[in-house]
Amino acid sequence: MAKKILIVEDEKPIANALFNKLKSEGFEPKMVINGQEALDILAQEKFDLILLDLMMPIVNGFEVLKKMKDLNNTAPVIVLSNLGQEEDVQKAMEMGAKNFFVKADTPLIEVINQINHALELV
Amino acid sequence: MLWNWSDQKKKNMEFGNRKKSKLIISPTGLLIFLLVMIFLIELSIMLVLNFYRLSRQEILVTILDSIILTVIFYPIIYFLVYRPFLMLLREVKEKEAKTEILATDLEKFKMAVDYTFDHIVITDPDGIALHVNHGVEHMTGFSRNEIIGKKVGTKELWGGLMGQAFYKKFWKTIKYDKKVFVGEINNRRKNGEEYAAQISVSPVLSKDQRVLYFVGIERDITEEKRIDKAKTEIISLASHQLLTPLTAIKWYVEMLTSGDVGKLTDNQQKYAEEINRGNQRMIDLVKSLLNVSRIELGTLTIVPKETQIIDIAKSLINEFISQIDSKKQKIIEKYEKLPKILIDPKLMRMIIQNILSNAIKYTPEKGTITIKIENKSQNALITISDTGYGIPSKQQSQIFQKLFRADNARQKDTEGTGLGLYIVKAIVEQSGGKIWFDSMENKGSTFYVTMPLIGMVKKEGTKFLENIK
């Protein structure tokens, strides 16, 4: 069965690129455009992995990471952000993110590899 | 101008109308007065002595005698009394005029200093304030009475905010080297508000080169700084915003070239790769701009860790080896034994990476690049030299300037940003090291970087630098 992946990203072109790539790689992706929507959908549905942006309107990625614990979310979270700052990385990792990538530095194929890697470990 | 100019105007008027003390008697008047007096005295004596015995005719003769006597006396009076008096008078007048000019000049100077908008302080050789102008009161909020007699540059007044190293250098320059100190400083007004100032402090020396006074001038540049900061923040914000669309381009081109939406023709593939190259260049430029803004905003963080510089150099050469090989260049490595030192490995990597990549880029095929790391007098000395195009001597002074690119570099490689060495220099200096170079056009360049073995200065900023590949 195809693995379900949640894309949490407010930038449409970025979200679309991820969505298309994941689909062509045989995953079952779903997009939401902010942290609140992510929390809402996570309360109802189970996902195998979450791709999370940090800078988003309404509820940002850090808050999603914080509140995800209350939702008993066990799916690994990979943070994809252009905030490549050490303290952002550290903060996200401390809050439970599995990995952290700077979008502008990371080819899509690398994102896929990391997803596969994270899923194998589960 | 914020202080009261009308006060100054009033003073000016007083100054102009001041009554000058003048002598009332004129010299010619005095001469006539003396002659008349002599005539009258002679006449009186003659008349008193002989009045009862004199006939009318004799009185007339007496008067005539007096006149003749006066005429005879005239030269004596003139030479013995009048001339010396006149000379004395002239002398007194000249002296008085001179004193007045002096007094006026001094007053003018004092007023010029007092009413200059910039802050001017005159101190004794120990920095104790002797005189302050209105600018000081206005800029710092302290009154003249509160300042005079106290040591300036301390927390008791508006100073003391800079690090110890700053004050050490400051006093060394003005007191021991007896040179002018010019720099930027942060101070605090009486109301607690901080301000930035451009200062210059000049020692006033006696003939035997002793410091008599210090004259310190400050100009408030808080507003300029604020504008500059706002500009840098806009660059930072814009750069960040730019990264999102650039990422989108990067990913869509990647999907195209990897055949996700069907196989491309050879030309399509080639064009898509060109787009990707241009896009990557833009990503690197945006990141460089972000780094510049972080450096300029002072938000750069330095996190020293135990690091072996030689390992960094080796791993970078490994990274560059395909580039070096493709240009058929030779690389020579010379490493002296060096202890691990406390430096920020990311920043150190950025420094070496930048200089090394310049050396490879600006050295023709079959050239030689040498990297040497030595342990030299409490410093790690990193030397990277090449047999490349060199930096034209006329442009060497500009090489560390932001966005500057030497003419020959511009010709050989159109894609550079002119930000690399600017960033490198800023990192080296903010972390306590030094950087310099020797270069000769068409012979090559050698860059030197030193880093103290005691390590980099830790800096609690808020931002790290972007790694540019």
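Below, a colleague asks and a modeller answers about a predicted model of chains A and B.

Colleague: How many bridges join β3(B) to β4(B)?

Modeller: Strand β3 of chain B covers residues 181–188. Strand β4 of chain B covers residues 194–205. β3(B) and β4(B) run antiparallel, and I185(B) has A197(B) as its bridge partner. The number of bridges joining β3(B) to β4(B) is eight.

Colleague: Which residue takes a positive phi in the hairpin of β3(B) and β4(B)?

Modeller: This hairpin has five residues between the strands. One of them has a phi near 95°. That residue is G192(B).

Colleague: Which side chains along β3(B) point to one face and are buried?

Modeller: The side chains of β3(B) alternate along the strand. V182(B), E184(B), N186(B) and R188(B) point to the other face and are not buried. The buried ones are F181(B), G183(B), I185(B) and N187(B).

Colleague: What is the bridge partner of P203(B) in β5(B)?

Modeller: β4(B) pairs with β5(B) in the antiparallel sense, over nine bridges. The two strands form a hairpin with five residues between them, and Q209(B) in the turn has a positive phi of about 65°. For P203(B), the partner in β5(B) is F214(B).

Colleague: Over how many bridges do β1(B) and β5(B) pair?

Modeller: β1 of chain B spans residues 119–123, and β5 of chain B spans residues 211–220. Their pairing is antiparallel. Within it, I122(B) has V215(B) as its bridge partner. The pairing of β1(B) and β5(B) runs over five bridges.

Colleague: Is G388(B) buried or exposed?

Modeller: G388(B) sits in the loop between β10 and α11 of chain B. Its contacts beyond four places in sequence include Y362(B), P364(B), N442(B) and G444(B). Its relative accessibility is 3%, so G388(B) counts as buried.

Colleague: What is the C-alpha to C-alpha distance between G388(B) and T363(B)?

Modeller: In sequence, G388(B) and T363(B) are 25 residues apart. They are also in contact. Their C-alpha atoms are separated by 3.6 Å.

Colleague: What area is buried between chain B and chain A?

Modeller: The size of an interface is often given as the accessible area lost when the parts come together. Here 23 residues of chain B are in contact with 25 residues of chain A. Carbon and sulfur atoms give 53% of the buried area. The total is about 2,000 Å².

Colleague: Which residue of chain A meets D260(B) in a salt bridge?

Modeller: The count between chain B and chain A is two salt bridges. One of them involves the side chain of D260(B), with an N to O distance of 2.7 Å. Its partner in chain A is K21(A).

Colleague: Which element gives the most to the side of chain B that touches chain A?

Modeller: Between the chains, 10 residue pairs are in polar contact. On the chain B side, α7 (222–257) and α8 (266–297) each supply at least two residues. One element gives 10 residues, and that is α7(B).

Colleague: Which side chain of chain B is joined to that of N82(A) by a polar contact?

Modeller: N82(A) is found in the loop between β4 and α4 of chain A. N82(A) counts as buried because its relative accessible area is 6%. Among its contacts are H240(B), L243(B) and T244(B). The polar contact is 3.4 Å long, and the side chain asked for is that of T247(B).

Key: Residues numbered from 1 in each chain as written. Chains lettered and ligands numbered in written order. Predicted model: local features only at pLDDT ≥ 70, side-chain atom pairs only at ≥ 80, totals over all residues. Heavy atoms only, no water. Pairing = 2+ DSSP bridges. Helix = DSSP H or I, 4+ residues; strand = E, 2+ residues; numbered from the N terminus. Contact = heavy atoms within 4.5 Å. Buried area = accessible area lost by both parts, 1.4 Å probe. Salt bridge = Lys/Arg side-chain N within 4 Å of Asp/Glu carboxyl O. Polar contact = N/O pair within 3.5 Å; in protein donor to acceptor, adjacent residues only side chain to side chain. Buried < 20%, exposed > 50% of the residue type's maximum accessible area, 1.4 Å probe, protein only.
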